[in-house]
Every structure is written in C-alpha cells, then in structure tokens.
Amino acid sequence: MKVDFRHILYIEARKNYTRLVLEERPTALVLVTLKQWEKLLPRDLFCRVHRGYIVSIDKILSFDNKYVYLPGEKITIGEQYRNALPDVVTILANEPSRESVRSVHKDVLSELEV
C-alpha cells in the first residue's frame with residue numbers, strides 16, 4: 001500500500017500496530033510503531049502530540065493546551081508533549097499591537113511601491 005504523506009490526518013498507536021487515518025479514504029492498520037513512524041516522517045510535516053498520536057501539522061485547524069483540532073477530530077495533547085506544537089507551529093496573536101500592525105503595513109506598502 002502506498003500512502004502520500006499529504007493524505008495522512010493522524011496516526012494512532014495500537015500496540016505494535018498503528019492506525020493511519022487518511023483524508024477521504026478508509027483507515028489502514030499497519031505493522032509499524034509510532035517510534036518507527038517518527039523516524040520515517042518529515043519533522044516539518046508531522047508532530048507527536050501524545051504517547052499514542054502523531055498529527056499532520058498541515059491538517060491542524062487549531063489547538064489549545066489540551067487538544068489538537070483536526071477536521072472531524074479532537075485529539076488530546078499529552079502532558080509531556082505540551083510544548084511540541086508551539087515549537088513547530090507559528091502562532092499569530094489574535095490582537096496584534098499597533099506597533100506590529102504599523103510595521104506590517106509599512107512592509108506591505110514598501111513591497112507594493114517597488
């Protein structure tokens with residue numbers, strides 16, 4: 001079975017097996033551990049968020065201190081993995097300060113003027 005990394009939503013541990021949850025396709029049970037997946041998967045595309053889960057970073061809709069929200073799924077973030085996502089995902093503030101808004105607009109304007 002060939003699987004394109006872009007179609008993986010998340011991978012769930014099932015003892016020595018893992019369950020691949022794919023977008024718009026049936027799930028697959030494979031004889032590969034999460035540790036083995038961690039070595040195989042590109043670190044810039046996937047993140048381990050729990051002892052039993054690796055998620056696709058591109059598929060994350062949002063996350064908080066307790067959960068990662070994927071399309072149709074809510075996955076618990078394990079205590080020891082709390083800092084994993086903030087380390088690999090750029091977080092934009094909801095309400096930027098006026099100073100940062102000014103600098104963003106200045107950059108945009110200077111690019112447009114060129």
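**Reading strands, turns and cores**

Author: Let's start with one pair: I11 stands opposite I54, which belongs to β5. This is a predicted model: local features need pLDDT of at least 70, side-chain atom pairs count only at pLDDT 80 or more, and totals for chains, interfaces and linings use all residues. Residues are numbered from 1 along each chain as its sequence is written, and side-chain values use heavy atoms, leaving out hydrogens and water.

Reader: What kind of pairing links β1 and β5?

Author: A strand is a DSSP run of E with at least two residues, while a helix is a run of H or I with at least four, both numbered from the N terminus. Two strands pair if DSSP finds at least two bridges between them. Here, β1 and β5 (residues 53–56) pair in the antiparallel sense, over three bridges.

Reader: And how many bridges join β1 and β2?

Author: Six bridges, and once more the sense is antiparallel, with β2 covering residues 17–22. Look at I11 again: its bridge partner in β2 is L20, and it also stands opposite I54 in β5. That makes I11 a handy place to start tracing the strands by eye.

Reader: What do β1 and β2 form, and how many residues lie between them?

Author: They form a hairpin with two residues between them. K15 sits in that loop, and its phi is near 55°, a positive value in a residue other than glycine. N16 is placed in the loop between β1 and β2 too.

Reader: Is K15 buried or exposed?

Author: The idea is to look at relative accessible area: under 20% is buried, over 50% is exposed and in between is partly exposed (1.4 Å probe, protein chains only). K15 counts as exposed because its relative accessible area is 82%. N16 is exposed as well, because its relative accessibility is 53%.

Reader: Which residues does N16 touch?

Author: A contact means heavy atoms within 4.5 Å. Leaving aside residues up to four places away in sequence, N16 touches V30, L31, V32 and T33. Take T33: it is 17 residues from N16 in sequence, yet their C-alpha atoms are 5.4 Å apart in space. So when you read a loop, check what lies beside it in space as well as along the chain.

Reader: Where is E24, and what is its phi?

Author: E24 is in the loop between β2 and β3 (28–30). Its phi is positive, about 50°, although E24 is not a glycine. E24 is exposed, because its relative accessible area is 84%.

Reader: Let's go back to β1. How many of its residues are buried?

Author: Five of the seven residues in β1 (residues 8–14) are buried, so the strand is mostly covered. Its partner β5 has a covered residue to show you too: S56 is in that strand, and it counts as buried because its relative accessible area is just 3%. Setting aside residues up to four places away in sequence, S56 touches I8, L9, L45, F46 and L70.

Reader: How many residues are in the largest nonpolar core?

Author: In soluble globular proteins, nonpolar side chains tend to be buried together. A nonpolar core is a set of buried Ala, Val, Leu, Ile, Met, Phe, Trp, Tyr and Cys residues joined through side-chain atoms within 4.5 Å. The largest one here has 14 residues, and those with the most contacts inside it are Y10, V49, V55, V68, L70, I75 and L85. The elements giving two or more residues to this core are β1, β4, β5 and β7. Apart from it lies another core, of 12 residues, including I8, A28, W37 and F46.

Reader: Which residues does V55 touch?

Author: Beyond residues up to four places away in sequence, V55 touches L9, Y10, L45, F46, C47, V49, I60, V68, L70 and I75.

Reader: Now the other sheet. In what order do its three strands come?

Author: The order is β6-β7-β8, in an open sheet with antiparallel pairing. At the edges are β6 (62–63) and β8 (73–76), each pairing on one side only. Strand β7 (residues 67–70) is joined to β8 by four bridges, and the two run antiparallel. To find that pairing on screen, look for Y69, which stands opposite K74 in β8.
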